[in-house]
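Me: I have a structure on my screen and would like a close look at a single part of it, with the surroundings filled in afterwards. Could you walk me through it in plain words?

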Amino acid sequence: MMRSSQPLTGTNGRRCKEDEKLINATLRPGKRGYIIDTRSLNVAQQARAKGGGFEQEAHYPQWRRIHKCIERFNILQESLIKLVEACNDQSHNMDRWLSKLEASNWLTHIKEILTAACLAAQCIDREGASVLVHGTEGTDSTLQVTSLAQIILDPRCRTIRGFESLVVREWLQAGHPFQQRCAQSAYSNSKQKWEAPVFLLFLDCVWQILRQFPCSFEFNEQFLIMLFEHAYASQFGTFLGNNENERSKLKLPQKTMSLWSWVNRSEELSKFQNPLFEANSLVIWPSVAPQSLQLWEGVFLRWNRPSKFLDEAQEEMINIIKYN
Amino acid sequence: VENVRLLDRLSSRKAALGTLYLTATHVIFVENGSETRKETWVLHSQISSIEKQATTASGCPLLIRCKNFQVIQLVIPQERDCHDIYISLIRLARPVKYEELYCFSFNPKLDKEEREQGWKLVDLNEEYNRMGIPNNYWQISDVNRDYGVCDSYPTEVYVPKSATAHIIVGSSKFRSRRRFPALSYYYKDNNASICRSSQPLSGFSARCLEDEQMLQAIRKANPGSDFLYVVDTRPKLNAMANRAAGKGYENEDNYSNIKFQFIGIENIHVMRSSLQKMLEVCELKSPSMSDFLWGLENSGWLKHIKAIMDAGIFIAKAVAEEGVSVLVHCSDGWDRTAQVCSVASLLLDPYYRTMKGFMVLIEKDWVSFGHKFNHRYGNLDGDPKEISPVIDQFIECVWQLMEQFPCAFEFNERFLIHIQHHIYSCQFGNFLCNSQKERRELKIQERTYSLWAHLWKNRADYLNPLYRSNHSQMQGTLRPQMAPCNFLYKFWSGMYNRFEKGLHPRQSVTDYLMAVKEETQQLEEELEVLGERLANLQKSQLNYNKIKSKQQDQSKQLGLSTSNNSLANTPQEYSNDLKSFPSRSPSQGDEEDSALILTQDNLKSSDPDLSANSDQESGVEDLSCRSPSGGGCLPSEDSGKDSDEAVFLA
């Protein structure tokens, strides 16, 4: 699986032999590849007017292009704001709650992202085909797809260390612009132009899969919530900056502590371990039916009610297994 | 009928070929050829509707919808056969006599003594004793011993000590269906109580001294409070409309010291329609998130569930926190009243959150108080307007509570699902007829078996591993919040998409923890045995005895990770319309069998038309989207012997 940004085809239908050579080099003998474009066909076509575009069939004959539209990042922030607003609405009206939830479209985004990731994973696992994923810049929906696909395919990504590596590889090193995306979150008074809960959506998708396969992840929900928090505000330098270049210029490794160095201490790690974890070597296919996707209470309703009852349940689970 | 195809609901391409059997009690589909000979069993009593769809080239489709939310789609090759099956099923699914029901032929091979014991498992007298009755304020009354006062009430009712027979009889004449105020639950901590009745026949201005005295008696039975809540669970408009028909609700001016309250739960017709709409949403093929959420909202289902829950919360609060007694009624006092009283009792008393207690609760507030099981759940063919998912809603309230308070219930989700299943299955006699009187006339206890005994025998399957009786969640009252953003009401896919396993979490936390607990228990037992042996050995001091302990390897039983059951190794359909499964276009010349799922709008326009039939399976068992096997999830098939019996009883 490869990831990139959009090819600069433009209105003239430019081609680049090196680009073609590069991605063709990933093709397995006798097999074709799939390009998963996270924009709708329309949007991809319109991109040409601004110098961007998509891979033309004629130049990439061994690749089949699939458009799996994932909403553009600027829409996502609006979605988050609406969702949070719905979660704060203390009215007792069920109709109002459901319609606000629906209007936020949050779960729609979850479904879209998971579906695209499953498709990518399917290409690889079922077809044995190479996959190239890109949107426009390759820094948002692209990363959601590639990281989730790996979680589906690779059991190592479901271990704590494996997941940490995944985040480092597919989000930090890949250049997801954390500083731009996670500056303000949902309660900001000013509308930030680059703000978007892309990483949170990714974590939410991981949680959805975790809920469907509760014994397949070494980490628990708390781990994901912790990462969500640290992406927005942290005493560690891990999520600062927009890419490796900036981090290096800011001398972050010298001036700050890494989140991982703290999380991976055994006394911290024990809080994030899933007591139900049983390592398996399977590819796990989540259901993306609406009935299977739920609102992430642990994040969105976290402050609405005492966590006492769910904490007790968690404790009990740990006790049962420890005692055994 | 041979060569029938059973279609998979979620993916239209997966059809199993087999033979369809109709017996006196079941419809059975047996899959051809496979080593497993997979069977799908459906009880006639479960059939809610049968739909003959337009004949296509592949045959005549028949859609069977069940009361337990199973939906079976068959394709019969010959139109004539299809018609025969359709007509037969219509008749079989609509019995006219009780004797046609499965419970009269069901034979679990127990002797007479065991059958009797089964019926004695739940004893309401014991229950009222447990509550602390009789005492200074409450007593049992035999005024209804021959059902002379109210034929839908039990023979044994509990009333305030100061309520004489004269008062009771007088009050009953002023209540719809003669359902006078009687005790549902007594909260011994503060003497507050929950009583239930039907609506008074007050019209616009009628009064009844005895009825007013009855309410006074209830109020006085609680010395800690100087007033009584009267809760009418109907919407105000409906209650007012009833006045025009000579019924209505209590006038605060006439009844001393009452505080009257409307709760606003809709009637059985609204609920029937609500469920119908929700099931339509469930039947949508690959809906978008919006379609689903909008459809759910439009059905109003969760809104109704919340209304029932809120009423229960109000009453529980009144009793536990304010120490005020509550009289609950609706119109006839056998639907909404039952729902609301049982929810309130569950919130108040941890006993009802145990397995045994829950059975007792249903027996008390539903069975004994004359909830019309026959009419509501269609044991026999009857008026379709009487059908309504009343107890289903109560059961869902319990499930919603289980989700919010995971340690508070001794039983698990499967317990609830199986109870719902058996309310409709008529495999056991508990939920037949409309009243205790009718059941006794039919001699149900001598001719059928009790569900409670069956569930109790299998209780290991129904335990909640997180339950501990000394948990905080098991102490005293549960106090759920009411705003939907504070109490997240979820769509219960375990019930309404019960047979679509692919939609559920593929690994069950409950099953895993139960397996761990079982293993722990076995290890503890082994430890004990070994401990004793060790002690013996040390006593005898024989050191040439080798211990040959053949220890079974128990650890494999926990292996959820190893292969099979729960994990679905097959991807679902991740493309847009889930309809087209293109084969390779000829020009591509690819030799691979398995096709990727692609949709029309994903492919380039130069591609040829897509055909819909490449088989994705490459030998991996698809466990995600299959219709249920006969042995798997249907409770009537749990003890396989039962189902075998049925086939040969025709």
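The reply below starts where two helices from the two chains meet and then moves outward.

Reply: Happy to help! Please keep in mind that this is a predicted model.

Let's begin with the helix pair. Helix H4 of chain A covers residues 94-104, and helix H8 of chain B covers residues 289-299. Their axes come within 9 Å and cross at roughly 170°. With that angle, H4(A) is roughly antiparallel to H8(B). Which residues meet there? From H4(A) come Asp95(A), Leu98(A), Ser99(A), Leu101(A) and Glu102(A), and they meet Ser290(B), Leu293(B), Trp294(B), Leu296(B) and Glu297(B) of H8(B). Sorted by character, the residues of this contact are five nonpolar, two polar and three charged.

Now for the sheet in chain A. Four strands make up an open sheet with parallel pairing, in the order S1-S4-S2-S3. Strands S1 (2-3) and S3 (63-67) of chain A stand at the edges; each has a single partner strand, so one side of each is left without a neighbour in the sheet. Further in, S2 (residues 33-37) and S4 (residues 130-134) of chain A are paired in the parallel sense over five bridges. If you want one pair to click on, Tyr34(A) has Val131(A) in S4(A) as its bridge partner. Packed on this sheet is helix H5 of chain A, residues 106-127, which touches S2, S3 and S4 of chain A. The direction of H5(A) makes about 175° with that of S2(A).

Chain B deserves its own tour. This chain has 650 residues, and buried residues make up 57% of them. Its secondary structure comprises 20 helices and 14 strands. Taking the contacts in chain B with a separation of 6 or more, 70% are between residues 24 or more positions apart.

One of the sheets to look at in chain B is open and has five strands, in the order S10-S11-S14-S12-S13, with mixed pairing. Here the edges are S10 (182-187) and S13 (258-262) of chain B, and each has a single partner strand, so one side of each is without a neighbour in the sheet. On average, neighbouring strands of this sheet are turned by 20° against each other, direction ignored. S10(B) is joined by five bridges to strand S11 of chain B, residues 192-197, and the two run antiparallel. Within that pairing, Tyr186(B) stands opposite Ser193(B) in S11(B). Helix H5 of chain B, residues 209-220, lies across S11, S12 (228-232), S13 and S14 (326-329) of chain B. Relative to S12(B), H5(B) runs at about 125°.

You may also be curious about the cysteines. How many disulfides are there over all chains? The count comes to zero. For Cys205(A), the closest cysteine sulfur is in Cys118(A), 9.2 Å away, which is too far for a bond. Cys205(A) is buried, at 0% relative accessibility. In chain B, Cys195(B) is in no disulfide either, and the nearest cysteine sulfur, that of Cys341(B), is 8.7 Å away. Cys195(B) has a relative accessible area of 0% and counts as buried.

Next come some backbone details in the loops of chain B. The peptide bond from Ile133(B) to Pro134(B) is cis, with omega near 10°. Pro134(B) sits in the loop between helix H3 (124-131) and strand S8 (138-141) of chain B. Tyr147(B) is not a glycine, yet it has a positive phi of about 60°. You will find Tyr147(B) in the loop between S8 and strand S9 (157-160) of chain B, and it is buried at a relative accessible area of 12%. Cys426(B) also has a positive phi, near 55°, in a residue other than glycine. Its loop lies between helix H14 (413-425) and helix H15 (436-441) of chain B, where Cys426(B) is buried with a relative accessible area of 1%.

Last stop: is Glu446(B) buried or exposed? Its 53% relative accessibility makes it exposed. Glu446(B) belongs to helix H16 of chain B, residues 444-447. Measuring tape in hand, you would go from Glu446(B) to Glu526(B): 80 residues apart in sequence and 43 Å apart in space, C-alpha to C-alpha.

Key. Residues are numbered from 1 along each chain as its sequence is written. Chains are lettered from A and ligands numbered from 1 in the order in which they are written. This is a predicted model: local features need pLDDT of at least 70, side-chain atom pairs count only at pLDDT 80 or more; totals for chains, interfaces and linings use all residues. Side-chain values use heavy atoms; hydrogens and water are left out. Two strands pair if DSSP finds at least two bridges between them. Contact means heavy atoms within 4.5 Å. Axes are lines fitted to C-alpha atoms, for helices over the stretch in contact, and angles run from 0 to 180 degrees between N-to-C directions. A disulfide is a pair of cysteine sulfur atoms within 2.5 Å. Buried means under 20% relative accessible area, exposed over 50%, partly exposed in between (1.4 Å probe, protein chains only). Angles under 35 degrees count as roughly parallel, over 145 as roughly antiparallel, 65 to 115 as roughly perpendicular and the rest as oblique. Ala, Val, Leu, Ile, Met, Phe, Trp, Tyr, Cys and Pro count as nonpolar, Asp, Glu, Lys and Arg as charged, and the others, Gly among them, as polar.
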